[in-house]
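Colleague: Hi, have you got a few minutes to go through this one with me? I'd like to start with the empty spaces and then move on to the strands.

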Amino acid sequence: MTKPPKPKPLLQDADKPVRSRPGKPRNPAQPNLLLDPMPDRVDPCLALLKPKPPKGPQWAFEVKWDGYRLAVHIEPTSIRILTRSGLDWTHRFPAIKQAAMWLPVGTAILDGEAVVLDEKGRSDFGLLQQSLGGRGGKKLSSDAIFMAFDLLYFDGHDLRKSELDVRRHLLEDLVPAGEQGDIRLSEEIEADGDQLLASACEHDLEGIIAKRRDGPYRSGRLGDWLKIKCIQSDSFVIVGYEKSTASFGGIGRLLLAARKGSDLVYVGGVGTGFNERSAAELREEMDKLIISKPAVDTGRKRNAVFVRPELVAEIEYRAWTHDEKLRHASYKGLRDKQDNAAIYCL
């Protein structure tokens, strides 16, 4: 298959191209360690959203990829590709599976993101969904590549208690920087966090990730990894829509809710970001969930249709208003149930 061009370096200094840190020579006198049982599944380490990059040499930085979080399990007799919620999607990513079979390792678990790159080398969530047949689709994606950013298990050894620098060193041996196959290295970028974020935003990327160099791999959202976004983007529940004869799919505006404790709270609406295809898909899904009364208090709405709060939309927005409503919001797409997206909490 034809691959999109490699993304341009973020920091545009011709004399100092952005690369991973040079690999350290490996010690040939490796100790003989007892083999660890291979985990059947590992809950992923999740990044905590922060408004600004952290400071200090203890933080490593990478690009934030916009796709589906996956774990690639290379086992003695098979390859398994698992979603964040643990579903087996091996059959949906045949190119990634084939690339995993060729990696020079007996057993391993790679943590990373399945993405589809646009013509400028940027990850595009919409293109990834299209390649899989849309939300709930069953298509196989030959366009998706796997950006590997961590190594949890390697040739019989569980690496989760090891520091990130150790795990990254082994990962870079396994997936060398600069290779353009269907499994690629998400390279660490040597830069000041503020400078890197500004460059990422200038290149219309989603943002950056910061990780503690000395941190072990801990499942959950515990602050070892941080995400800093150029534009805020989070998941909200759709609780209805306002009808319009002048808009795609007859959708004038989606009505959205976030979590507040154990309740859902109305946070405003979004009326941009749709195209004909996405609006038609969205309308079809919403029409299956129509209810007579709203699940949350949306205030008085004209021509509103209310739906059960089951669909989760990814929404970009610039800020919040003083009364906790989204400002300058734009629709990005529906999240799959398999993606196990966390609903925004006020």
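Modeller: Happy to! One term before we start: a strand here is a DSSP run of E with at least two residues, and strands are numbered from the N terminus. Keep in mind as well that this is a predicted model.

Colleague: Good. How many cavities of 30 Å³ or more are there?

Modeller: The count comes to one. Its volume is about 110 Å³, and 14 residues line it, with V42, P44, L70, A71 and T83 closest to the centre.

Colleague: Which strands each supply at least two residues of that lining?

Modeller: Those are β3, β4 (79–83) and β5 (108–115). The largest share comes from β3, which gives four residues.

Colleague: And what's the lining like by class?

Modeller: Eight residues of the cavity lining are nonpolar, two are polar and four are charged.

Colleague: OK, on to the largest pocket. How much space lies in it?

Modeller: About 780 Å³. It is lined by 36 residues, and those closest to its centre are A47, K64, R84, R221 and K227.

Colleague: How many of the pocket's lining residues are charged?

Modeller: There are 15 charged ones, along with 17 nonpolar and four polar.

Colleague: Which strand gives the largest share there?

Modeller: That's β11, with four residues. Several strands each supply at least two residues, among them β1 (48–49), β2 (59–63), β9 (207–212) and β10 (225–229).

Colleague: Let's switch to sheets. What's the strand order in the open sheet of four strands?

Modeller: The order is β1-β10-β9-β2, and the pairing is mixed. β1 and β2 are at the edges with a single partner strand each, so one side of each has no neighbour in the sheet.

Colleague: In which sense do β9 and β10 pair, parallel or antiparallel?

Modeller: Antiparallel, over five bridges. As a landmark, A210 stands opposite L226 in β10.

Colleague: Which helix lies across β2, β9 and β10?

Modeller: Helix α4, residues 193–202, and it runs at about 150° to β9.

Colleague: Last topic, salt bridges. How many does the count come to?

Modeller: The count comes to 25. One to look up on screen is E62 with K211, where the side chains meet at 2.9 Å, N to O.

Colleague: Where in the chain do E62 and K211 sit?

Modeller: E62 is in strand β2 and K211 is in strand β9. They are 149 residues apart, so to speak a link between distant parts of the chain.

Colleague: Great, thanks for the tour!

Definitions and conventions: Residues numbered from 1 in each chain as written. Predicted model: local features only at pLDDT ≥ 70, side-chain atom pairs only at ≥ 80, totals over all residues. Heavy atoms only, no water. 1 Å grid on protein atoms, 1.4 Å probe; cavity = no way out; pocket = protein on both sides within 12 Å on 5 of 7 lines; lining within 4 Å. Points joined across faces, edges and corners; volume = space filled by probe spheres on them. Nonpolar A, V, L, I, M, F, W, Y, C, P; charged D, E, K, R; others polar. Pairing = 2+ DSSP bridges. Contact = heavy atoms within 4.5 Å. Axes fitted to C-alpha atoms, helices over the stretch in contact; angles between N-to-C directions. Salt bridge = Lys/Arg side-chain N within 4 Å of Asp/Glu carboxyl O.
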